[in-house]
Amino acid sequence: MEKDKNNIIDEVTRSDYKYGFTTDIEMETAPKGLNEDIIRFISQKNNEPEFLLNFRLKAFRKWQKMKTPEWANLKIPPIDYQDIIYYAAPKKNPKLESLNEVDPELLDTFKKLGISLEEQKKLTGVAVDAVFDSVSVKTTFQETLEKYGIIFCSFSEAVQNHPDLVKKYMGSVVPYGDNCFSALNSAVFSDGSFCYIPKGVRCPVELSTYFRINTAGTGQFERTLIIADEGSYVSYMEGCTAPQRDENQLHAAVVEIIVLKDAEVKYSTVQNWYPGDKDGKGGIFNFVTKRGICKGSHSKISWTQVETGSAITWKYPGCILLGDNSVGEFYSVAVTNNHQQADTGSKMIHLGKNTKSTIISKGISAGYSNNSYRGLVKINKRAENSRNFSQCDSLLLGDKCSAHTFPYIDTQNSSSIVEHEATTSKISDEQLFYCQQRGINAETSIGLIVNGYAKEVLKKLPMEFAVEAQKLLAVSLEGSVG
Amino acid sequence: MLIRVKKQESRIMEISLQNKILKLFTENKEKIFRNDPLEIMKLRKKAISEFERIGFPTTTIETWRDTDIKKVLSQDFSFYFEPIKEKIDIDKIFQCEVPAFDTNIISLYNGWYTYKDSPLFTLPNGTIIGSFARALKEFPDLVIRHYNKYAKAKTDGFKALNTAFAQDGIFIYVPDNVEAYKTIQMVNILNKEDNLFVQNRNLVIVGKNSKLSLVHCDDSHNHRSSFTNTVTEIFINEGASVDHYKLQNLNNNTTLINSTFFHQEANSNLSSFAITLNGGLVRNDAHIKLNGKGGNADIYGLYLVDREQHIDNQVHIDHAEPNCTSNELFKGILDDHASAVFNGHVLVRKDSQQTNAYQTNRNILLTDKATVNTKPFLEIYADDVKCSHGATVGQLDDDALFYIKSRGISEHNAKLLLMYAFAAEVINKISIQPLKDRIDDLVKKRLRGELAICDQCVLHCKDQEKNINFEIDMSKV
């Protein structure tokens with residue numbers, strides 16, 4: 001029996017990364033390396049106004065003085081920043097009017113990913129902005145959205161068409177000097193998504209961005225900026241894949257969310273970057289800074305993430321709860337397998353009165369992987385009657401993997417309540433036995449148990465994503481029990 | 001701007017203290033080394049160069065993130081390398097006993113072992129109790145076999161400093177298969193008219209299947225600033241069991257860095273309490289290494305702090321072998337500007353299967369100026385484990401308060417009752433009945449604000465305990 005179980009683990013851990021193809025599209029790339037000229041080149045390519053170039057240069061000068069953080073429970077091999085291509089764009093007509101004009105190869109790529117832009121457009125009513133090697137290639141549904149006054153476009157378009165909004169909000173939540181990777185991103189970001197929901201508008205469709213790294217030797221540095229004006233609502237989804245390569249590729253993104261009075265943003269991520277092969281070779285370094293600010297009262301930010309990919313994940317989506325009665329939520333399932341490493345969690349900074357935050361984190365580690373939860377809950381003096389509840393569970397599948405929990409709780413007033421609880425365990429033999437004696441085979445039982453374990457988070461995902469996430473979980477984990 | 005200047009100043013002071021200490025070491029080498037066998041001398045030299053390299057911890061070090069000692073270190077301290085000659089009333093130190101609690105009392109006075117008859121005595125059952133410096137002379141092999149073997153903390157400047165300087169402390173040896181029939185009480189008293197910088201080194205060795213209970217009290221008698229840097233190593237051999245109680249009641253100008261290193265062999269059992277009633281800046285570092293199968297460690301803590309007091313509890317449990325259990329429960333009540341830090345770290349090493357580790361930290365904040373930083377960490381490299389941790393920060397339950405008040409009990413007493421009930425969970429774990437009663441009384445007193453710095457060891461406070469009076473107004477019931 002024990003042997004059977006191990007076989008199942010092996011099978012599962014060997015299951016291939018199915019998004020590991022490359023697409024032959026003519027790419028325009030900048031030379032390798034990073035210096036002020038490259039930054040000027042990127043800026044010029046995007047035809048950027050002066051303030052943006054200055055922002056990039058300031059960030060670059062700051063970045064030169066910064067070091068890669070070492071406090072995370074990760075083994076990060078040294079990154080040669082001069083060996084990365086910082087700009088790669090599909091050679092294309094400068095303006096695309098309809099999907100027909102998009103390079104068919106590119107469309108094929110997205111079809112292979114199961115996110116055919118056309119299909120999405122027709123069937124699910126999801127507006128998609130696809131970012132291919134840092135450059136946004138197509139945004140669907142723009143017309144429908146325009147009716148509501150919603151701006152949903154690539155970052156570079158936003159810079160051209162709405163420079164005042166970009167200037168006002170960019171860098172206001174994640175300052176360029178926040179950390180080494182946000183500084184790098186601020187210096188070299190090539191594109192990304194931009195979204196503005198006007199006052200009182202409830203966005204009728206789910207907005208979605210797909211990221212894909214295609215060219216070898218490139219890094220992906222995209223930037224997302226979401227602004228929800230008073231009383232508005234938007235649900236935003238993000239997905240990502242990359243081809244299989246032997247080398248490590250760097251993905252350093254910045255996501256900023258600004259939520260004004262009474263508004264709500266729901267941000268969901270299914271992260272499935274190439275995790276490297278079963279010996280830990282290759283894979284994406286996913287070093288992402290995501291942060292939202294609840295600026296007005298009664299505003300809300302909800303982060304949901306399913307993390308299954310990347311060789312190394314370093315990611316702490318956070319909420320700054322500045323407005324009174326604002327709410328921050330974080331739901332996460334992080335799965336690591338083989339030699340993957342993840343150090344992820346959430347930061348909740350309570351500044352306003354009666355602010356509430358919830359953190360639910362489910363870590364699952366298998367193979368030789370290393371999975372850590374690291375979170376901060378900070379209640380400031382002024383944040384009276386604030387409330388936090390955190391729950392971080394870890395599930396260990398196999399005896400070579402590890403799971404860690406590093407919560408930080410700082411409380412500075414007497415009317416707030418902070419609760420944190422965490423457990424670490426494996427799937428109990430009793431649970432397995434119970435399922436099996438009902439005639440369910442070992443593999444399905446484990447799938448069942450793991451899905452039940454992660455359900456609390458999965459049910460927070462929008463429908464379209466929940467299906468994908470469940471499948472991903474099944475691929476990554478079914479049957480892995482030690 | 002002003003703040004920056006101040007910061008720089010204190011940084012300069014801190015560096016100057018480090019330099020001063022290094023200079024003192026060179027100048028007083030002869031005095032420090034005078035009793036040392038070669039091995040100890042080597043250790044000292046190694047430790048001082050280590051201290052020179054790492055210096056005092058700063059807030060950039062993860063485990064010192066929330067405890068800033070810059071201000072404390074900027075004071076001017078005096079160091080003594082020989083026992084301070086002054087008239088002390090020995091009888092006063094060993095004054096009164098805890099009612100119904102028979103103990104062997106041993107004492108450090110201003111950092112040096114004091115005694116009535118003999119600096120080192122052997123009990124009929126073979127137990128050796130006495131001065132560390134003396135034990136080093138009389139039983140060098142025994143001491144060297146264990147000395148500095150368990151105190152492993154690479155980045156800890158204080159530990160290195162202690163190893164370099166410490167000359168005296170307490171030594172206890174319990175042979176195999178012996179049950180120490182009396183509780184041993186270690187009393188550490190500070191009473192000097194200048195700002196003392198004291199460094200003690202204690203070594204406790206408990207043989208196979210033996211039993212020992214140890215009460216470790218830190219008290220101060222005056223209101224001078226002082227800095228104590230104590231390192232205690234406790235070796236618990238197979239099947240042995242140790243009860244360890246730390247009681248701290250110090251004045252608000254004291255700084256106490258208390259590092260205890262427990263090394264547990266197979267099937268050994270440890271229960272350790274850290275009870276902090278008063279103290280300027282208290283840091284308790286407990287390192288527990290479960291180095292054999294079937295070991296068990298229960299670590300409890302209670303801190304009741306107010307004014308500007310700062311308490312920092314660090315518990316590091318290393319599950320190095322399978323089938324061990326550990327259990328942590330730390331509770332604290334904070335008033336005024338007090339601040340508390342809890343940093344629990346459970347490490348389950350690879351192949352330490354069948355480990356159970358539980359960790360709980362609960363805090364009550366009574367004012368908006370008090371702060372709590374808690375970090376319950378779990379680091380797990382084995383899969384067949386059951387580990388959990390929980391941390392809460394909150395206040396007294398309004399519903400419970402209302403319920404008690406509705407029974408005619410005044411608000412003040414209702415609060416006292418709830419706080420006492422909160423603390424009682426820890427007190428109830430104390431297994432020695434007379435000690436439990438005594439600590440119970442002290443906690444009640446502390447909560448009423450009546451416990452000051454005693455003239456004597458806190459356990460021996462002369463004034464009799466009054467029964468807690470809840471002033472129930474019967475006419476309203």
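**View 1. A loop asparagine, A:Asn354, in chain A.** We start with A:Asn354, which sits in the loop that links strand 19 (347–350) to strand 20 (356–366) of chain A. Please keep in mind throughout that this is a predicted model. The phi angle of A:Asn354 is near 50°, a positive value in a residue that is not glycine. Most residues other than glycine have a negative phi. Is A:Asn354 buried or exposed? A:Asn354 counts as buried because it has 20 C-beta neighbours inside 10 Å, and the cut-off for burial is 20 or more.

**View 2. A loop asparagine of chain B, B:Asn148.** Here the loop runs between helix 7 (140–146) and helix 8 (157–165) of chain B, and B:Asn148 lies in it. Its phi is near 60°, again a positive value in a residue other than glycine. B:Asn148 has 22 C-beta neighbours inside 10 Å and so counts as buried.

**View 3. B:Pro83, a partly exposed loop residue.** Look for B:Pro83 in the loop between helix 4 (70–73) and helix 5 (90–93) of chain B. B:Pro83 is partly exposed because 15 other C-beta atoms lie within 10 Å, a count that falls between the limits of 12 for exposed and 20 for buried. If you also bring B:Val204 into the frame, you will find its C-alpha atom 22 Å from that of B:Pro83, with the two positions 121 residues apart along the chain.

**View 4. Strand 6 of chain B, covered on both faces.** Strand 6 spans residues 183–190, and 8 of its 8 residues are buried. In a regular strand, side chains alternate between the two faces of the sheet. Which residues cover each side of strand 6 of chain B? On one side are B:Thr183, B:Gln185, B:Val187 and B:Ile189, and on the other B:Ile184, B:Met186, B:Asn188 and B:Leu190, all of them buried. Strand 1 (residues 103–109) of chain B pairs with strand 6 in the parallel sense, over 7 bridges. Within this pairing, B:Asn104 stands opposite B:Ile184. For the wider setting, chain B holds 11 helices and 20 strands, and 49% of its 477 residues count as buried.

**View 5. Helix 3 meets helix 9 in chain A.** The axes of helix 3 (residues 50–64) and helix 9 (residues 180–188) of chain A come within 7 Å and cross at roughly 145°. The crossing is left-handed. Helix 3 of chain A brings A:Phe55, A:Arg56, A:Ala59, A:Phe60, A:Lys62 and A:Trp63 to the contact, while helix 9 of chain A brings A:Cys180, A:Ala183, A:Leu184, A:Ser186 and A:Ala187. Sorted by class, this contact has 8 nonpolar, 1 polar and 2 charged residues.

**View 6. A:Val265 in the largest nonpolar core.** This core has 233 residues, and A:Val259 and A:Val265 are those with the most contacts inside it. Leaving aside residues up to four places away in sequence, A:Val265 touches A:Ile226, A:Ala228, A:Val234, A:Tyr236, A:Ile257, A:Val259, A:Gly292 and A:Ile301.

**View 7. Where chain A touches chain B.** How many residues does each chain give to the contact? Chain A gives 31 residues and chain B gives 31 residues. On the side of chain A, strand 23 (402–411) and strand 24 (417–426) are the elements that give two or more residues. That side has 11 nonpolar, 14 polar and 6 charged residues. Strand 23 of chain A pairs with strand 19 (residues 371–380) of chain B in the antiparallel sense over 6 bridges. Zoom in on A:His404 to find B:Glu379, in strand 19 of chain B, standing opposite.

Technical notes:
Residues numbered from 1 in each chain as written. Chains lettered and ligands numbered in written order. Predicted model: local features only at pLDDT ≥ 70, side-chain atom pairs only at ≥ 80, totals over all residues. Core = buried A, V, L, I, M, F, W, Y, C linked by C-beta atoms within 7 Å. Contact = placed C-beta atoms within 7 Å. Helix = DSSP H or I, 4+ residues; strand = E, 2+ residues; numbered from the N terminus. Nonpolar A, V, L, I, M, F, W, Y, C, P; charged D, E, K, R; others polar. Pairing = 2+ DSSP bridges. Axes fitted to C-alpha atoms, helices over the stretch in contact; angles between N-to-C directions. Left-handed = near helix turned anticlockwise from the far one by under 90°.
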